[in-house]
Amino acid sequence: MAERLSPGDPAPDFTLLDADGKQVSLADHRGRKVIVYFYPSAMTPGCTKEACDFTDNLDQLAAAGYDVLGISPDSPDKLAKFRTKESLRVTLLSDPDRTTLTAYAAFGEKMNYGKKIMGVIRSTIVVDESGKVAHAFYNVRATGHVAKLLRDLKV
């Protein structure tokens, strides 16, 4: 597992497929602040809550200069179904081989119901306009995370 990112670190670049099968790169967002959030699986209760919270606050985040990218190991097809079912407006990206998840230290050993397992570590990385990490939040809770993020970013 990669070492956790800290403010000032360069954000690992990536190019992944979105829910429509189009390539999206972190470099496409240079000059804007980007919230990159990592979640375990589309269409599960916690991940749905988090994605809906980001969607509900997307206009406010955009007005403050933030783009939002959600990354999971799900296929583009599953992401498209998730987006449609929940009327999501955030950009959802597919990382089936977990390369980007690993580069951001958002995949690795974690506790699940008292057992150690390998899986996605719910995390949010805020990248500044120049591609450096501004904030790194690991092991976040799905419920209430977006509200806390808004407070932390003073949005």
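Contact here means heavy atoms within 4.5 Å of each other. The structure is a predicted model, in which local features need pLDDT of at least 70 and side-chain atom pairs count only at pLDDT 80 or more, while totals for chains, interfaces and linings use all residues. Residues are numbered from 1 along each chain as its sequence is written, and side-chain values use heavy atoms, with hydrogens and water left out.

**Exercise 1. The chain as a whole**

Describe the overall make-up of the protein chain, its extent and its burial.

Solution. Begin with the contacts: among those in the protein chain with a separation of 6 or more, 64% are accounted for by residues 24 or more positions apart.

Next, list the elements, where helices (H or I, at least four residues) and strands (E, at least two) are DSSP runs numbered from the N terminus. The protein chain has five helices and nine strands, and from the N terminus on they run β-β-β-α-α-β-α-β-α-β-β-β-β-α. The radius of gyration (taken over C-alpha atoms) is 14 Å, close to the 15 Å that the globule rule (2.2 Å times the number of residues to the power 0.38) gives for 155 residues, so the chain is as compact as a globular protein of that length.

Then turn to extent and surface. The C-alpha trace spans about 40 × 35 × 30 Å along its principal axes. Of the 155 residues, 48% count as buried, where buried means under 20% relative accessible area, exposed over 50% and partly exposed in between (1.4 Å probe, protein chains only). The chain exposes about 7600 Å², of which carbon and sulfur atoms supply 50%.

**Exercise 2. The seven-stranded sheet**

Work out the strand order of the open sheet, and explain why strand 2 and strand 9 each have one side left without a neighbour.

Solution. Two strands pair if DSSP finds at least two bridges between them. The open sheet has seven strands in the order 2-1-5-4-3-8-9, with mixed pairing. Strand 2 (23-25) and strand 9 (133-138) stand at the edges and have a single partner strand each, so one side of each lacks a neighbour in the sheet. Neighbouring strands are turned by 30° against each other on average, direction ignored, with axes being lines fitted to C-alpha atoms (for helices over the stretch in contact) and angles running from 0 to 180 degrees between N-to-C directions.

Now follow two of the pairings. Strand 3 (residues 33-38) and strand 4 (residues 66-72) are parallel and share six bridges, with Val-34 opposite Asp-67 in strand 4. Helix 1 (residues 45-56) packs on the sheet, touching strand 3, strand 4 and strand 8 (123-127), and its direction makes about 165° with that of strand 3. Strand 8 and strand 9, by contrast, run antiparallel and are joined by five bridges, and Val-126 stands opposite His-135 in strand 9. In their hairpin, which has five residues between the strands, Gly-131 takes a positive phi near 90°.

**Exercise 3. Two buried residues**

Locate Asp-74 and Leu-153, and list what each of them touches.

Solution. Asp-74 is found in the loop between strand 4 and helix 3 (76-86), and its relative accessible area of 8% makes Asp-74 buried. Its side chain is joined to that of Ser-72 by a polar contact of 2.8 Å, a polar contact being a pair of N or O atoms within 3.5 Å, of which, within protein, one must be able to donate a hydrogen and the other to accept it, and residues adjacent in sequence count only if both atoms are side-chain atoms. Leaving aside neighbours within four places in sequence, Asp-74 is in contact with Tyr-39, Pro-40, Ser-41, Ala-42, Leu-79, Ser-94 and Asp-95.

Leu-153 lies in the segment after helix 5 (145-152) and counts as buried at 12% relative accessibility. Not counting residues up to four places away in sequence, Leu-153 touches Ile-35, Tyr-66, Val-126 and His-135. The C-alpha atoms of Leu-153 and Val-126, 27 residues apart along the chain, are separated by 9.3 Å.

**Exercise 4. Positive phi outside glycine**

Where do Met-43 and Ala-105 lie, and is each buried or partly exposed?

Solution. Met-43, although not a glycine, has a positive phi of about 70°; Met-43 sits in the loop between strand 3 and helix 1 and, at 35% relative accessibility, counts as partly exposed. Ala-105, also not a glycine, has a positive phi of about 60°; Ala-105 lies in the loop between helix 4 (99-103) and strand 6 and is buried, with a relative accessible area of 0%.

Methods. Areas by Shrake-Rupley, 256 points an atom, 1.4 Å probe, with all protein chains shown as cover.
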